[in-house]
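Ready for a few warm-up exercises? Grab a pencil, take a look at the model, and try each task before reading its solution.

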Amino acid sequence: MVSRVIPVEPFDLVIFGGTGDLARRKILPALYLRHRDGQIPDDGRIIGAARSEMDAAGYRETVAEAVRQFVVPAKCEPEQLARFLERIDYVAIDATGTRGWGDLAERMRPDLAQAFYFSVGPALFGDLAERLHQHKIAGPRARIVVEKPFGHDLASARALNATLACHFDEHQIYRIDHYLGKETVQNLMAVRFGNMLFEPLWKNQYIDHVQITVAETVGVEGRGAYYDRSGAMRDMVQNHLMQLLCLIAMEPPSKFEPDAVRDEKLKVIRALQPVEADEIVRGQYQAGDGTASYRDDAENPDSRTESFIALKVHVANWRWNGTPFYLRTGKRMRARMSEIVVRFKEPPHSIFEEDTGQSANELAIRLQPNEGMDLTVTIKEPGPGGMRLVNVPLDMTFAEALGEEATDVPDAYERLIMDVIRGNQTLFMRGDEVEAAWAWTDQVVAAWEARGEKPVPYEAGSTGPEEALILMHRDARRWRELNT
Ligand code: NAP
């Protein structure tokens, strides 16, 4: 298979917070890899901006170190890196003061596409937007990129939207949820809407339930104090899991275009029902073998914040009535795994003997590790011995069908940053989507706070609290095995 890399147009990309963790781990390596693939034209320039005093040469050294550290060695080629560094510039700037802004204004090329990546804490978004405007740096073609957390609740998300809206139109604002940039997530849309096979079955009549799992093996060490003000519901469910749920549950958009897709996602969020008290399980990890407890990591012995959550969610519309979505996410779990499982119903009548081994079809969409999809189907076990049935995966991971290079998929950040330059907002969250997601989240959080509930403890390295298993068992269902 020949890969087609279409270069983007020339641009100036300014990374505010260009010396920070996100820039070094994700943004700069992603840009290097796009450069290496020939997608960035000669006129594509990247300007780091932060308070640290250094010149362009000093920043190039920071960039080179980040690329060497976070890009796989096979792709870290000295000549490519040297050419990439020629694109890099740096401005020492203070988001809250006057330093550096005149300097940045002079370096921008107003006729080109402009992107401003706000890779700083949300408290600085307003200051940056204000100064970009005041110094006439952002032209009409400017786009800004903001990261999660986009607010802490509905009120703060609205305030952030209003702050950005003072100086930028909605079509200029790119709210990143990197889950949407994953190859498999887009493939989910291709599978749903590019085939006749799935969509007619994609409803309560044929789908028993959907499970979405995002499990991490790490704890909150290092960012415990921040996390303790947030918790799994706000940190993961409100954004990543909700976005995945939307892509599974949404109606077919009329076109694969930004607002057509986002309109349909918004309808799903608005159709989410409040969660009943017995349909939610919150947990906190305990100390493990050489690992601290959640409360110790958070340095809060009385913390009521959840490091794990499982929910049974109902989408109140014709398509999904009676088909629940089970969501779970947690830290310090047995495996690092993100996947969506669509479990179909059993055939209405079995013509085979009861113990032949027939079981329901499952479509599993793996986001990590090993991005890919498989569909389990029931077939006859080969050989003599009568009609014995066996479930086998129809592997839709792309290697065999499309060749080895098809498995070499770009990281989500590579795709999303190129989409910003191209001006394609399909994979970014719109302001009203974010607000609707917070409105639902706030309601769920307020309900458990009113009940005064505390999270239950769970063993480090486990699948989460026992109660989360029971949440499924009592519906005669179970979570898929948590394996890597
Ligand atoms: P970080 O490591 O603390 O970096 C912050 C950056 O902002 C640094 O480059 C810092 O450089 C710069 N900065 C701070 N105050 C500034 C000011 N007044 N003017 C100009 N620059 C300033 O943070 P991060 O982890 O990269 O996170 C950045 C944003 O992304 C945050 O909103 C975070 O929540 C979000 N995020 C991060 C990750 C991640 O993996 N790290 C993942 C998802 C979302 P100087 O000190 O030199 O100014």
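**Exercise 1.** How far is a nitrogen atom of the ligand from an N or O atom in the side chain of Asp94?

*Solution.* Keep in mind that this is a predicted model. Start at the side chain of Asp94: one of its N or O atoms is 3.1 Å from a ligand nitrogen. Next, go to Ala95, where a backbone N or O atom sits 2.9 Å from a nitrogen atom of the ligand. Then try Thr19: a polar atom of its side chain lies 2.6 Å from a ligand oxygen. Finally, look at cover: on its own the ligand has 880 Å² of accessible area, and the protein covers 73% of that.

**Exercise 2.** Describe the shell of residues around the ligand.

*Solution.* Begin with the count: there are 21 residues around the ligand, and Thr19, Asp21, Arg25, Arg51 and Ser52 come nearest. Now sort the shell by class, and you get 8 nonpolar, 7 polar and 6 charged residues. Last, ask which element gives the largest share: that's helix 1 (residues 21-36), with 3 residues.

**Exercise 3.** Work out whether Asp127 and Arg131 are buried or partly exposed, and how they pair up.

*Solution.* First, find the pair: both residues lie in helix 5 (residues 125-134), 4 residues apart, which is about one turn of the helix. Their side chains meet in a salt bridge, 3.5 Å from N to O. Now for the cut-off: buried means under 20% relative accessible area. Arg131 has 14% relative accessibility, so Arg131 counts as buried. Asp127 has 25%, so Asp127 counts as partly exposed.

**Exercise 4.** Which parts of the chain does the salt bridge between Lys312 and Asp475 tie together?

*Solution.* Start with the contact itself: the two side chains meet at 2.8 Å, N to O. Lys312 sits in strand 9 (residues 308-313) and Asp475 in the segment after helix 15 (466-473), so the bridge ties together parts 163 residues apart in sequence. Check the cover too: Lys312 is buried at 11% relative accessible area, while Asp475 is partly exposed at 23%. Now zoom out: Lys312 and Asp475 belong to a network of salt bridges that also links Asp208, Glu279 and Arg477.

**Exercise 5.** Do the same for Glu362 and Arg343.

*Solution.* Here the salt bridge is 2.7 Å, N to O. Glu362 is in strand 12 (residues 362-368) and Arg343 in strand 11 (residues 337-344), so the pair ties together parts 19 residues apart in sequence. Glu362 is buried, at 10% relative accessible area, and Arg343 is partly exposed, at 24%. To finish, the whole structure has 43 salt bridges.

Methods
Residues numbered from 1 in each chain as written. Predicted model: local features only at pLDDT ≥ 70, side-chain atom pairs only at ≥ 80, totals over all residues. Heavy atoms only, no water. Near = heavy atom within 4 Å. Polar contact = N/O pair within 3.5 Å; in protein donor to acceptor, adjacent residues only side chain to side chain. Areas by Shrake-Rupley, 256 points an atom, 1.4 Å probe, with all protein chains shown as cover. Helix = DSSP H or I, 4+ residues; strand = E, 2+ residues; numbered from the N terminus. Nonpolar A, V, L, I, M, F, W, Y, C, P; charged D, E, K, R; others polar. Salt bridge = Lys/Arg side-chain N within 4 Å of Asp/Glu carboxyl O. Buried < 20%, exposed > 50% of the residue type's maximum accessible area, 1.4 Å probe, protein only.
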